[in-house]
Amino acid sequence: MCTITDIVICGFNGSILKYCGEKMDYEYILTRLSKMLSPKRLQHSIGVSKTAEEMAERFGGDKVKAGLAGLLHDAAREVPVADLLPRAQAFGIVVSDIEKAEPILLHAPISAKLAESKFNIHDAEILQAIFLHTTGGAHMSLLDKIIYLADVIEPGRNFGGLEEIRAMAHSDLDKALLLALDQSIAYILEEGGLIHPATIEARNDLLIKQRTPILHTT
Ligand SMILES: [Fe+2]
Ligand SMILES: [Fe+2]
């Protein structure tokens, strides 16, 4: 199967067509995305896409789904903050008090809606992974975990503690995710910010699975 990384090299787009339909090849997606994102953010998105493909290969996931979700995960990241709440409401997204107070969190569900409406992606797994990439959530799928982590560890990232997460992401996806969630929560606490309940649910879920591995085989 041709992956997005391969597509950059060989220009083949048959795998993407499976998810996006006619006329939606890699170049078309990149061109459209480049009108929505700054060059720096586009580079980040390509980094997440490639990292997600590598992780899907390593952990037995779908490389094309991982690549597409990675590429589009931040499609709404540069929507002006003042527009996020009205855009979310226009899409029918249920907005919590935390998201009203921290509207930047809404870029994740809005990105999922844009992936659907502007890029013709209707695959529920891809859309969910984009939806959850900022907060995480309970019962995350393999693709959800890959996109959350790829966003944290892509090559353009640089912060204290990152190398530990990167190293862990080569061997144990759940442990890497737990490290990333812990770091995110610690950072939010340090900043006096609001912790989204979905992030707590993601962490608790992983801890429960760690403590009772026989009951949780996925
Ligand atoms: Fe994001
Ligand atoms: Fe991102």
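Axes, in what follows, are lines fitted to C-alpha atoms, for helices over the stretch in contact, and the angles between them run from 0 to 180 degrees between N-to-C directions. Helices (H or I, at least four residues) and strands (E, at least two) are DSSP runs, numbered from the N terminus. This is a predicted model, in which local features need pLDDT of at least 70 and side-chain atom pairs count only at pLDDT 80 or more, while totals for chains, interfaces and linings use all residues. Residues are numbered from 1 along each chain as its sequence is written, and chains are lettered from A and ligands numbered from 1 in the order in which they are written.

The protein has 13 helices and zero strands, so that, read from the N terminus, its order of elements is simply α-α-α-α-α-α-α-α-α-α-α-α-α. Of its 218 residues, 43% are buried, where a residue is buried if 20 or more other C-beta atoms lie within 10 Å of its own, exposed if 12 or fewer, and partly exposed in between, with C-beta atoms placed from the backbone. Two residues are in contact if their C-beta atoms, placed in that way, lie within 7 Å. Among the contacts between residues at least 6 apart in sequence, 57% join residues at least 24 apart.

Two packed helices are described by the angle between their axes and the distance between the axes. Helix α5 (residues 63-72) and α9 (124-131) offer one example: their axes come within 9 Å and cross at roughly 40 degrees. Angles under 35 degrees count as roughly parallel, over 145 as roughly antiparallel, 65 to 115 as roughly perpendicular and the rest as oblique, and α5 and α9 are therefore oblique to each other. The crossing of α5 with α9 is right-handed; a crossing is left-handed if the near helix is turned anticlockwise from the far one by less than a right angle, and right-handed if clockwise. On the α5 side the meeting residues are K65, L68, A69 and L72, and on the α9 side they are E125, I126, A129 and I130. By class, this contact of α5 with α9 has six nonpolar, no polar and two charged residues, where Ala, Val, Leu, Ile, Met, Phe, Trp, Tyr, Cys and Pro count as nonpolar, Asp, Glu, Lys and Arg as charged, and the others, Gly among them, as polar.

A second pair is formed by helix α6 (residues 81-90) and α8, which pack at an angle of about 50 degrees with their axes 10 Å apart. At that angle α6 and α8 are therefore oblique to each other, and α6 passes α8 in a left-handed crossing. L84, R87 and A88 of α6 make the contact with H107, P109 and I110 of α8, and these residues divide into four nonpolar, one polar and one charged.

The loop between α7 (97-101) and α8 holds L106, which is buried, because 25 other C-beta atoms lie within 10 Å. Not counting residues up to four places away in sequence, L106 touches L84, L85, A88, V95 and E99. The C-alpha atoms of L106 and V81 are 9.2 Å apart in space, although the two residues are 25 apart in sequence.

In soluble globular proteins, nonpolar side chains tend to be buried together. Here the largest nonpolar core (a set of buried Ala, Val, Leu, Ile, Met, Phe, Trp, Tyr and Cys residues joined through C-beta atoms within 7 Å) has 57 residues, and those with the most contacts inside it are A69, I130 and L149. The largest share of this core, eight residues, comes from α10. Leaving aside neighbours within four places in sequence, L149 is in contact with M55, A169, A176, L177 and A180.

Other places bring distant parts of the chain together in a similar listing. H170, in the loop between α11 (162-169) and α12 (173-191), counts as exposed because it has 12 C-beta neighbours inside 10 Å. The C-alpha atoms of H170 and E54 are separated by 9.7 Å, with the two positions 116 residues apart along the chain counted as their separation. S34, in helix α3 (residues 26-34), counts as partly exposed with 13 C-beta neighbours inside 10 Å, and its C-alpha atom is 9.5 Å from that of A75, 41 residues apart in sequence.

Finally, two loop residues deserve a look at their backbone. Most residues other than glycine have a negative phi, and most peptide bonds are trans. N120, in the loop between α8 (107-117) and α9, has a phi near 60 degrees, a positive value in a residue other than glycine, and with 14 C-beta neighbours inside 10 Å N120 counts as partly exposed. H139, in the loop between α9 and α10 (142-153), has a positive phi near 55 degrees, and H139 is exposed, with 11 other C-beta atoms within 10 Å.
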